[in-house]
Amino acid sequence: MLAVADLRVFHGPIEAVHGISFTVKEGDCVSLLGPNGAGKTSTISAITGVARATGRMALLGDDLTTLSVEARMRRGIAVSPEGRRVFSNLTVAENLRLGGAIQPEYVRSRMEQWFDTFPILGERRNQQAGTLSGGEQQMLAIARALMSGPRILLLDEPSLGLAPKIATQIFAMIRKLKDQGMTILLVEQNASQALRLSDYAYLLNNGRIVAEGTADTLGINDALMAELTGL
Amino acid sequence: MTLSRAQKRGLIGAAILAVLLIGIGFLTVSFGSRYQLRIVYGAYVNLMVVLALQVFMGNARITNLSHSAFMGIGAYAAAICVTPVAMKKISLPSAPWGLNAFELDPVTSAMIAIAITGAIAFLVGLFIVRLSGIGATIVSLAILVIVHSLFLYRTDIFKGNQAFFGIPQVFSLTSAVIVAVAMVFIVRMFRESRWGVALRASADDEVGAMSMGVDVHRMRLIAWVLSGVLLAVAGIAYAYFLGTISARPFYFNHVFLTLAMLILGGMRTVTGALLGTFLISFGLEWVRWLETGPAVWGIDLPEVLGLSGVMLGTVIVLTMALRPAGIMGDREIEDLVFRKE
Amino acid sequence: MNALSFGAEYALLALGLAIVFSIMGLVNFAHGEMIAVGGYSMVAMAALALNNPLIVIGVAIICAMAASVTLERVAFRPVRYADPTTGLLTAFGVSIILQNLFLLFVSPRPIAVTSLYFLEWPIEIGGLRISSLQLFETLATLFVIIAMMLFLKHTVLGLAMRAASLDFEMVRLLGIRANRVFAAAFLISGLLAGIACVFIMARRGSVDPHLGFDPVLKAFVACVVGGFGSLPGAVLGGFLLGAIEVAMLVMLPQSLGGMTDAFVFGIIALVLIWRPDGILTPRREKGDKE
């Protein structure tokens with residue numbers, strides 16, 4: 001589905017990611033794990049086109065590198081970014097409506113579907129998104145991303161700053177999406193939770209991939225995990 | 001006093017610029033026609049304004065639009081003090097507070113004008129330094145409008161759009177060159193001083209600078225008042241050379257003109273200020289000549305009023321689009337002459 | 001009533017400035033030139049002997065909108081994501097260019113436009129004599145404000161514009177085309193300038209290169225007072241400014257008549273010092289993510 005090769009990401013003059021390659025297969029959930037500053041979010045920004053990057057990126061064989069941010073999203077990428085970034089001055093329903101702006105014909109049905117899945121969002125549909133709790137905002141951010149009916153969902157630190165109980169709920173939601181066949185690229189600091197639902201994972205440190213493998217092969221190496229994730 | 005490395009480089013840079021200024025001045029005085037002398041003089045006065053503008057805008061990175069007003073305050077204050085009583089009886093017959101009943105020598109008048117402008121700049125500055133970004137720009141705009149309205153309205157003191165005449169013409173191009181050179185040193189040394197460095201750091205990262213214990217407001221106030229004082233000097237130089245002033249030159253057109261000069265050269269550096277001033281001053285003179293519809297190689301070009309304005313605007317827009325930091329960016333002249341460390 | 005119609009004019013223009021500022025942080029000083037474009041288009045129509053008032057008004061508004069969108073394309077695209085100062089200076093530059101182009105290609109002197117005089121006649125409501133123009137202006141402004149509110153609340157583009165004022169990048173991350181949002185903002189801004197232009201022309205009856213400068217300066221101030229980038233703030237600021245200005249005209253003795261502007265701007269400066277971010281903007285700590 002998504003193939004990335006020799007990706008270098010820049011923030012101003014600084015190179016944050018030094019030539020990484022990875023692939024995400026259709027229907028898989030792939031995690032990028034690693035400590036703070038490893039280059040995980042930079043990688044996501046490169047895929048969405050927000051950050052300046054070199055290398056090759058292809059979605060279903062289509063080259064992404066020359067496309068604008070909007071065009072990439074329209075090809076079927078959706079993102080729930082780091083920090084969630086819900087539009088706090090808009091209501092829950094308005095946030096979702098914008099999420100579905102590129103597929104307006106499905107807005108109504110998908111919105112109802114989400115309100116069924118998350119009754120709490122339905123209850124607060126006319127409330128400003130800024131008044132929601134962190135966990136609710138995260139649900140909204142994911143729901144908003146899925147309103148566009150994407151081929152692949154990028155999730156950047158969905159559990160960051162959430163109470164463990166809420167984080168578990170979010171991970172349960174991600175598992176459900178995966179079971180429904182959604183292709184997911186997950187960025188997490190919480191490696192153990194992420195590994196539990198990933199088919200494959202890459203470990204990043206200092207802008208390089210230092211290890212990769214299935215959950216089983218990576219999970220065994222506890223010492224490496226501890227060192228890199230600080231857990 | 002020991003100088004830091006940056007300050008030593010600053011002195012060298014200022015010296016190079018001074019040599020250039022003296023050179024241009026010398027050439028003009030020796031070989032220029034009366035008309036050219038006037039143009040070069042105008043360029044030097046504008047240079048003073050742009051340098052003064054650089055002190056605040058370049059270091060604090062806040063766009064100021066009120067500079068022409070302060071220049072006007074300086075010019076009028078000096079003019080009112082220095083103009084002979086006999087003249088003032090004619091030009092300002094109904095001036096209040098006995099303003100038309102005294103006269104002072106040019107030096108004292110200049111001192112008073114600088115003090116008045118400095119005091120006003122200080123009072124205004126107390127408020128303006130607390131605002132940031134666009135807010136400060138708007139207030140500076142408000143100041144420009146208020147001062148201009150005062151000039152226009154109190155015709156008994158300022159004569160509004162009519163000429164305030166009879167100011168002794170005590171300045172020559174030579175004096176302007178001397179003042180401009182002094183100003184280059186002052187402005188450059190301020191840039192490299194402890195205050196200037198702190199101010200530039202705060203412009204890059206206000207919260208960071210504050211957490212390091214930099215009193216950003218105080219730094220801005222110092223730069224603002226210094227800028228005001230230098231503008232007063234520019235105003236005085238303007239009045240002392242021309243002998244007549246009116247309110248019109250101290251308004252939007254002049255604001256934009258000088259702003260364009262600073263932007264084109266690059267507001268972050270003194271070298272940029274100087275480069276921009278001369279490029280635009282002489283470029284504009286050439287465009288004005290085109291405007292009058294001269295005959296070139298036997299072809300009579302039509303008269304095109306407004307061409308200079310179009311060029312000025314184009315310069316601003318293109319600079320902003322292509323090189324927002326101006327021609328010089330962060331480089332001073334010594335960085336071009338010597339290798340940057 | 002005077003205050004209302006002055007205020008309405010400023011509110012229209014301030015709204016046009018605020019909508020552009022809120023999404024791209026650009027203080028569009030060239031907004032006034034849109035008014036002038038509208039004015040000159042009326043001159044052109046008079047020359048073509050097009051005197052149907054509806055056509056005149058319609059074409060003037062369309063011209064202002066077209067000019068606004070063109071400017072976005074040509075001048076403001078390179079500075080789209082630049083800092084506000086760069087944008088402000090660019091807008092200054094554009095404003096100077098346009099004013100001088102009018103000077104160059106049309107005339108430095110005012111040109112009379114008489115096609116809109118029909119809008120002005122005295123009417124009496126409950127014993128009060130007011131001018132029809134003022135009534136039209138107030139009503140049109142109210143209509144526009146309501147229409148804007150509906151647009152921003154109920155259309156995807158409107159929602160995107162509101163969202164963009166908070167986080168433009170996120171809007172793009174939803175696949176919404178940035179170009180379209182910018183174009184819409186400038187289109188609306190031009191529309192508002194066009195409507196203001198109709199009323200300004202009907203009142204003044206002539207157009208000159210600097211026509212738009214003064215009103216926009218005031219509108220600019222209205223924006224700041226209300227809180228830059230806040231649309232309700234712009235409307236509030238506009239009406240407040242109108243009220244202050246009329247109050248000044250009434251209260252100041254005749255001898256101080258020339259000082260109205262000075263007092264108005266003085267009050268504005270005081271308001272800003274009292275609330276540096278404007279009246280309707282919640283106070284924000286420095287360093288908060290914008």
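**A walk through chains A, B and C**

In chain A, buried residues make up 45% of the 231 residues, where a residue counts as buried if 20 or more other C-beta atoms lie within 10 Å of its own. The model described here is a predicted one, and chain A is a good place to begin reading it, with its 10 helices and 10 strands. The C-alpha trace of chain A spans about 45 × 40 × 30 Å along its principal axes. A compact globule of 231 residues would have a radius of gyration near 17 Å, and because chain A has 17 Å, it agrees with that expectation. Of the contacts in chain A with a separation of 6 or more, 66% join residues that are 24 or more positions apart.

In chain B, helix 6 covers residues 133-153, and its 21 residues should span 30 Å at 1.5 Å a residue, which agrees with the 31 Å between its end C-alpha atoms. Since 20 of those 21 residues are buried, helix 6 of chain B is largely enclosed by the rest of the structure. As for confidence, the mean pLDDT of chain B is 75, with 83% of its residues at 70 or more; among its elements, helix 11 (residues 216-242) of chain B has the highest mean, 82, and strand 2 (residues 299-300) of chain B the lowest, 56.

Chains B and C also touch, in a contact that takes 35 residues from chain B and 38 residues from chain C. On the side of chain C that touches chain B, two or more residues each come from helix 4 (84-105), helix 9 (213-226) and helix 11 (260-274) of chain C, and helix 4 of chain C gives the largest share, 16 residues. The residues on this side of chain C divide into 27 nonpolar, nine polar and two charged.

Methods: Residues numbered from 1 in each chain as written. Chains lettered and ligands numbered in written order. Predicted model: local features only at pLDDT ≥ 70, side-chain atom pairs only at ≥ 80, totals over all residues. Contact = placed C-beta atoms within 7 Å. Helix = DSSP H or I, 4+ residues; strand = E, 2+ residues; numbered from the N terminus. Nonpolar A, V, L, I, M, F, W, Y, C, P; charged D, E, K, R; others polar. Expected span 1.5 Å × (residues − 1). Buried ≥ 20, exposed ≤ 12 C-beta atoms within 10 Å, placed from the backbone. pLDDT = per-residue confidence, 0-100. Rg over C-alpha atoms; globule rule 2.2 N^0.38 Å.
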